[in-house]
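Thanks, everyone. I have one structure today, and I will keep to a single topic, the place where two domains meet. Please have a look at it first.

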Amino acid sequence: MARAVTNNRKALNTAIAWAIGLLIFFPILWTILTSFKTEAQAISDPPVFLFFDWTLENYAVVQERSNYARFLWNSIIIAGGSTILGLIIAVPAAWSMAFVPSKRTKDILLWMLSTKMLPAVGVLYPIYLLFIELGLLDTRIGLVVVLMLINLPIIVWMLYTYFKEIPGEILEAARMDGASLKDEILYVLTPMAVPGIASTLLLNFILAWNEAFWTLNLTAAQAAPLTAFIASYSSPEGLFYAKLSAASTMAIAPILIMGWFSQKQLVRGLTFGAVK
Amino acid sequence: MGRITLDKVAKRFGDVEVIPPLDLTIEDGEFVVFVGPSGCGKSTLLRLIAGLEDVSAGQIRINGNDATMTPPAKRGLAMVFQSYALYPHMSVRKNIAFPLKMAGVDQATQDAKIEAAAKALNLTAYLDRRPGQLSGGQRQRVAIGRAIVREPDAFLFDEPLSNLDAALRVNMRLEISELHNTLKTTMIYVTHDQVEAMTMADKIVVLQAGNIEQVGSPLELYHKPRNAFVAGFIGSPKMNLVPGSTANDSSHTFGIRPEHLDISDSEGLWHGVVGVSEHLGSDTFLRVTVPGMEEHLTVRANGDIPLRHGDKVYLTPQADKVHRFDSKGLRIE
Amino acid sequence: MATKQSRSAARIMLAPAVILLLGWMLVPLVMTLWFSFRQYLPLRGGDQGFVGFDNYIRFISSSSFWPSVQTTLIIVGGVLAITVVLGVVLALLLDQPMWGQGIVRILVIAPFFVMPTVSALVWKNMFMDPVNGLFAHVWKFFGATPVEWLSQASMQSIIMIVSWQWLPFATLILLTAVQSLDSEQLEAAEMDGAPFRSRFWYLILPHLARAITIVVLIQTIFLLSIFAEIFVTTGGAFGTRTLSYLIFQRVLESQNIGLGSAGGVYAIILANIVAIFLMRIVGKNLDA
C-alpha cells in the first residue's frame, strides 16, 4: 500500500503502533529494569520506573548462586547441536521431497508434522526409561538427540518450502555439467538456499533454546540448560524480584540479542517459509 | 564425434504413453531441430537423450556406445535450458567454469577456456558479474558459454530463445547458427516455433503426440509434407487446407500454400471477398472468404497490391504446387 | 521428472529422516501401550502384571478427566482466537506507513524469544502477584481491590500469558501475508466505492485465509503440549489442569505409570483427532 499519506495520518499510525509495540514489549522491559534495582525498590509501592539506584548486585548474586556459564554453555550446545544435526538430516530429505516428488511426498510431509502432535507427556516415561537404559539421562548428547527429533519435522518442512522455490532446471543444469549428487547439493543447492537455511537454523535454534518440557524432565545437574536454570527460581525461596529479573534477563538475553541482529532472516524463518 | 541413435525409444509416465517407440538417427555434426506443438513430447525426447529422464523401453546410443543407463553427467552432452538455469550465486566466470571444475580441469586450462569462450560470446566485460545483473540475451550467452567450454559431443537446446523478445531472438538465432558453423558439433534443438526450425536446421523432426510425423531437410518438409499435419505446421502463413470437393478434386484434403494462389479480378477457380488485408510492404497477406468454404483462405500477394476490405477477387491454385491428402491425412503423389 | 537413479537417491536421502521419526514415534508409543495395560507403580511394588483395560477405565472415569480435556480445548481455542484476531489487527496496523516501523516490529516480535519458563515466572510474580505485582498496583491506584489472578481468574491468566507469547508469531505471518496483498486490487475496490468494512471482509480476509491456516496449524501443535506455563504458574491447580498436565501428575507425582500411560494413549487419541481435522484443512489449503 505504497501511497502518499498525510503526515497527520502517519503520525497517528506511528503513535498507535508505538503504543501497542511498547505495551507488548513492556513485560520484557520491566524485567530488564527490575534486574537493576535493589530488592526493596523492586517491590516498592508505588513502583519506580526509571529513577532508582541502578545496581549490578543482582547479577553478581545470581552468578554466585548458580553457575550461569555452565547453564549457558549447555543451552548453546543443546540448541546448536540439535539444530545442526537436524539440518544435516533434513537437507537431503528436503532435497528428495522438493526435487524428486512422488505421489506420497505430501503425505510424508504431513505425517512428519503430525509426529509433532504426539503429546510429549504421553511418552515421557518410556523415553525416561530408554534414557536410563542407554545412559543418556542428564547428558547433553541425549537432549541434542531428543530436541533434534522434535524439531526435525519443522526443519524438513521449512527447508522443503525454501527448496521448492529453487527451479529444478538449475539442478539439472548442474547434473548436465557433470556434477555428482554430492556436488549438486554442496555447490549449487546449498549456496542458493543460504537465506532459507539461515532462517531455518535461527528459528530452530530459538525453539530448541526455549524448549521447556524435555529439558526440564530429562536433566538434573550436569546437562541442565537455561530453562532449568530459570525454573529453579520458581521455588518460593527464590522469589526475590530483582534477582528473578536478573536471572530472567540472563536467560533470554542471548536469544534477544541474536534475534535482533538477524531480524530479517528470522522474520522469514518465523513464517516457516509458508507465507510469502 | 556426436552420432546419436535412438532405437525403439519409448517413454511412459504411469499409464500415459508420451512417446511411443521411435527410431531416429542424428549424424555427427548435424543441426537437428525437434519441432511440434506444445505437449508433443519434443522436450521429453530431448530430456531422454540428455539422461534427465529414463527411457521406458529401447536404447540410446551415443557414438555407437549404449548410453541408455548412463547418468547425464557422463554422457558427454551439454544442455542449454529455456530458463538459462544459470547458478545465481556464482559470477559469470564461475558459471562457465563450473563444468570444468566438475571435470577436474586444472586452473590454467580453465582460465584459458573461459577467456576463449567469453571472447567468442562477447562476455569478456561481464565475467565478474552475477547472472542477476545481466540482460536476457547476455544470460543466454552465458548458458551457451557454459555449454561450449565442456567441448561436448553434442549440444542440446531446450527452447533457448522463448524467453527473449522478438528482435533479440532473431539475433541469437543467427549467433547459434554461426556457432554451429564454427564448431561443427552436433546440435539438437527443441522449439515450438517452425520459423526457428526452418531457418536453423539441417534436419527437422516434426513431432505430434510423441510420434515422429516426418524427418527431413527444411525444404523437403516445405515441398513434400508427408501428411496434412506437417503441411499445416511447416510454412508461414499456414498452408490452406480445404476439403477436396470444394476444389473439384478427388482428394480428401486439398492443400495450397498462400504463396501459390494466383489472384485475378476476372476469373479463377474460387470467387471470394477480401476480409482483413495485412500490408507488410514486401508482401500483402489477404484473408479471403469464399462462399461454401468453412475457413478463410490466406493469400500471399505482392506488397503493392491495391486490394482492400470488401473487394471481390478470383483465386486459382497453381497446378504444380498443389498438395493432396487422403482420408487418413497422408500425402497422395 | 526424474530418472530411476535420482529416484533411488531420493529414497536413500529421505530414509534417515523417515526412519528416525518413525522410531521416535513408534518405540515410545509401543512402550506406552504396553504400560497402559499393566499395573505399574515403581515406588509401590513395581510391575504387578496385566490388568486389561482397568487403567483406561480408571483414567476416563476419574473426575479429573473430562475437565482436563475441556481445559485443554479452552486454552488452545482461547489462545488461537486471541492471537488470530489481534494478529490480524496488528498486521493491518503495522502495514500502515509510520516512522520507526523496524523498531516497532522488533518490539512486537520480542515475546517470541522469551522462553516459556521465564515468561511464566515474570507474569506470575511481577505482574499477577496480588500484593507486589504491577497489576495490583494499577488496581490499587484506581481504588479497586487487587485480583488474585492465578487463583480467581486462573484460566484467563494462563490464556493471556500464552497469547502474549504467541501473538508475535501470528502477527508476523499475517503481516507477511498482508504485505503480499495486491494493492491495485484494493485501490480498484476503493474506486468502486467499497468502504473499508467490505474491503476487509471480501478482499483482505479471504487473502489471509492461507496465512491464518498456517497460524492455526503451527500454534495448535505447540499449544496442545504447553507445559512450562502451567508448571510454573498454577501447577495445575485452580482448574488449569490440562490433559497433558494431568498425565504428567499421574506419571511423576503419583508415580502410577500404568494409569499415566493410559492417559497418554487418550492424549494421543485427542491429538490425532485434532491432527486429522487440521491436516484436512491444511492439506487442502496448501495445494493452492
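I start with what is absent: between domain 1 of chain A and domain 2 of chain A, the number of residue pairs in polar contact, with both at pLDDT 80 or more, is zero. The pLDDT condition applies because this is a predicted model, in which side-chain atom pairs count only at pLDDT 80 or more. The number of salt bridges between domain 1 of chain A and domain 2 of chain A is likewise zero.

Now the bounds. In chain A, the assignment puts domain 1 at 7–59 and domain 2 at 67–270. Taken over C-alpha atoms, their centres are 32 Å apart.

The two do touch. On the domain 1 side, 13 residues of chain A make contact with twelve residues of domain 2 of chain A. Together the domains bury about 970 Å², and carbon and sulfur atoms account for 76% of that. Of the area that domain 1 of chain A buries against domain 2 of chain A, 46% is supplied by Thr31(A), Glu39(A) and Tyr59(A), more than by any other three residues.

Which helices supply the domain 1 side? In chain A, helix H1 (7–34), helix H2 (39–42) and helix H3 (57–65) each give at least two residues to the side that touches domain 2. H1(A) has the largest share, with five residues. Sorted by class, that side of domain 1 of chain A has six nonpolar, five polar and two charged residues.

To close, I come back to the opening point: the count of polar contact pairs between the two domains, both residues at pLDDT 80 or more, is zero.

Terms used. Residues are numbered from 1 along each chain as its sequence is written. Chains are lettered from A and ligands numbered from 1 in the order in which they are written. This is a predicted model: local features need pLDDT of at least 70, side-chain atom pairs count only at pLDDT 80 or more; totals for chains, interfaces and linings use all residues. Side-chain values use heavy atoms; hydrogens and water are left out. Domain bounds come from an automatic or database domain assignment. Contact means heavy atoms within 4.5 Å. Buried area is the accessible area (1.4 Å probe) that two parts lose on being put together, summed over both. A salt bridge is a side-chain nitrogen of Lys or Arg within 4 Å of a carboxyl oxygen of Asp or Glu. A polar contact is a pair of N or O atoms within 3.5 Å; within protein, one must be able to donate a hydrogen and the other to accept it, and residues adjacent in sequence count only if both atoms are side-chain atoms. Helices (H or I, at least four residues) and strands (E, at least two) are DSSP runs, numbered from the N terminus. Ala, Val, Leu, Ile, Met, Phe, Trp, Tyr, Cys and Pro count as nonpolar, Asp, Glu, Lys and Arg as charged, and the others, Gly among them, as polar.
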